[in-house]
Amino acid sequence: MMTQPILLDATDRAIVTATQDGLPLVPDPYGAVADRVGTTTEDVLARMARMLAAGVIRRIGAVPNHYRLGFRANGMTVWDVDDARVMALGEAVGALPFVSHCYLRPRLPEVWPYNLFAMVHGHDRDEAEAQAAEIRALLGDACRGGEILYSTKILKKTGLRLRMASALGG
Amino acid sequence: MTTAAPDLDRIDRAIINALQGGFPLCDRPYAAAAAPLGLSEAELIERLASLRTRGVLTRFGPLWKPEALGGEAVLAAMTVPADRFDEVAGQVNAFPEVAHNYARDHALNMWFVVAAETPERARAACDEIAAATGLAVLPLPKLHEFHLDLRLVA
């Protein structure tokens with residue numbers, strides 16, 4: 001699922017700004033967005049379909065709070081994986097059904113030895129640790145070590161807030 | 001699997017399980033999404049409003065990918081002294097670029113995502129957070145995003 005860069009014009013960016021807090025909970029939400037950005041419903045639908053196809057929009061729908069669904073053990077598993085094999089292994093880890101995010105990130109000398117990040121979610125820590133063990137087994141001898149960093153509190157979760165002022169001319 | 005979230009009834013769970021993606025792009029999308037769940041348009045809208053108000057959903061709508069907008073989302077970590085934790089959380093959260101922030105049980109105990117319109121702005125915000133808090137900010141930008149397809153089951 002590679003994202004093709006597409007050019008977004010001022011109206012596209014106005015749609016981003018108008019929906020950053022979410023879609024209006026009214027019968028015709030895209031019409032409400034159209035009114036806010038000064039275009040037609042058809043135009044909003046066409047632009048959003050294009051941005052969805054291009055991966056600018058990952059998906060449209062509900063974003064649950066893991067904790068409120070009973071997933072109390074939310075762990076960021078981090079792994080030190082052989083650079084020569086991490087791309088293939090990262091794909092395999094990302095495909096595990098319980099992994100919600102999977103990224104390659106830089107190591108920081110002396111401070112941070114881990115290059116592969118995979119978020120797991122369990123109803124309790126036993127479940128999360130079983131998931132981490134599954135990842136560890138999959139990584140095999142390419143993995144030199146790992147840890148689980150459990151989140152203990154959500155301090156902020158507002159989602160994306162881009163400053164679109166420049167694109168909107170003010 | 002149902003030990004937690006006792007305030008979610010069968011309909012709430014069906015909505016959450018069905019609508020984590022694929023919400024339709026059409027004139028009456030709530031009506032279209034409600035029909036297969038056996039709900040009316042008004043019932044679905046009312047349920048979604050309640051799920052948001054109760055904090056079960058953090059949002060409902062399109063999830064934008066910052067990189068595709070020309071922006072960048074950088075994961076950053078800090079080691080915050082325990083006696084300053086709440087104060088520093090307030091300082092970090094005050095930045096509009098901070099999209100989420102989590103306390104984690106590690107020496108690096110505060111992890112947040114800085115999302116900005118441009119990579120330069122994201123980096124500048126990390127520097128400003130370091131200056132505001134007097135603490136080192138370790139930026140760990142994503143080098144690659146592996147494909148995945150998770151749907152949480154409520």
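In which loop of chain B is the place of B:Val137? B:Val137 sits in the loop between helix 5 (119-133) and strand 5 (138-141) of chain B. Helices (H or I, at least four residues) and strands (E, at least two) are DSSP runs, numbered from the N terminus.

This is a predicted model, in which local features need pLDDT of at least 70 and side-chain atom pairs count only at pLDDT 80 or more, while totals for chains, interfaces and linings use all residues. Residues are numbered from 1 along each chain as its sequence is written, chains are lettered from A and ligands numbered from 1 in the order in which they are written, and side-chain values use heavy atoms, with hydrogens and water left out.

**Chain B as a whole**

Chain B has 5 helices and 6 strands. Read from the N terminus, their order is α-α-α-β-β-α-β-β-α-β-β. The radius of gyration of chain B, taken over C-alpha atoms, is 19 Å, well over the 15 Å that the globule rule gives for 154 residues, so the chain is more spread out than a compact globule. That rule is 2.2 Å times the number of residues to the power 0.38. Along the principal axes, the C-alpha atoms of chain B fill a box of roughly 55 × 35 × 25 Å.

Of the 154 residues in chain B, 51% are buried, where buried means under 20% relative accessible area, exposed over 50%, and partly exposed in between (1.4 Å probe, protein chains only). A contact means heavy atoms within 4.5 Å. Among the contacts in chain B with a separation of 6 or more, 60% join residues 24 or more positions apart.

**Around B:Val137**

At 15% relative accessibility, B:Val137 counts as buried. Leaving out residues up to four places away in sequence, B:Val137 touches B:Ala76, B:Ala77, B:Met78, B:Phe112, B:Cys126, B:Ile129 and B:Ala130. The C-alpha atom of B:Val137 is separated by 11 Å from that of B:Ala124, 13 residues apart along the chain.

**Annotated domains**

Two spans carry UniProt domain annotations from unreviewed entries: "Siroheme decarboxylase NirL-like HTH" in chain B and "Siroheme decarboxylase AsnC-like ligand binding" in chain A. Positions are given in the numbering used here, feature names are shortened, and annotations may be inferred rather than shown by experiment.

| Span | Distance between end C-alpha atoms | Helix | Strand |
|---|---|---|---|
| Residues 12-57 of chain B | 11 Å | 57% | 2% |
| Residues 68-156 of chain A | 15 Å | 27% | 40% |
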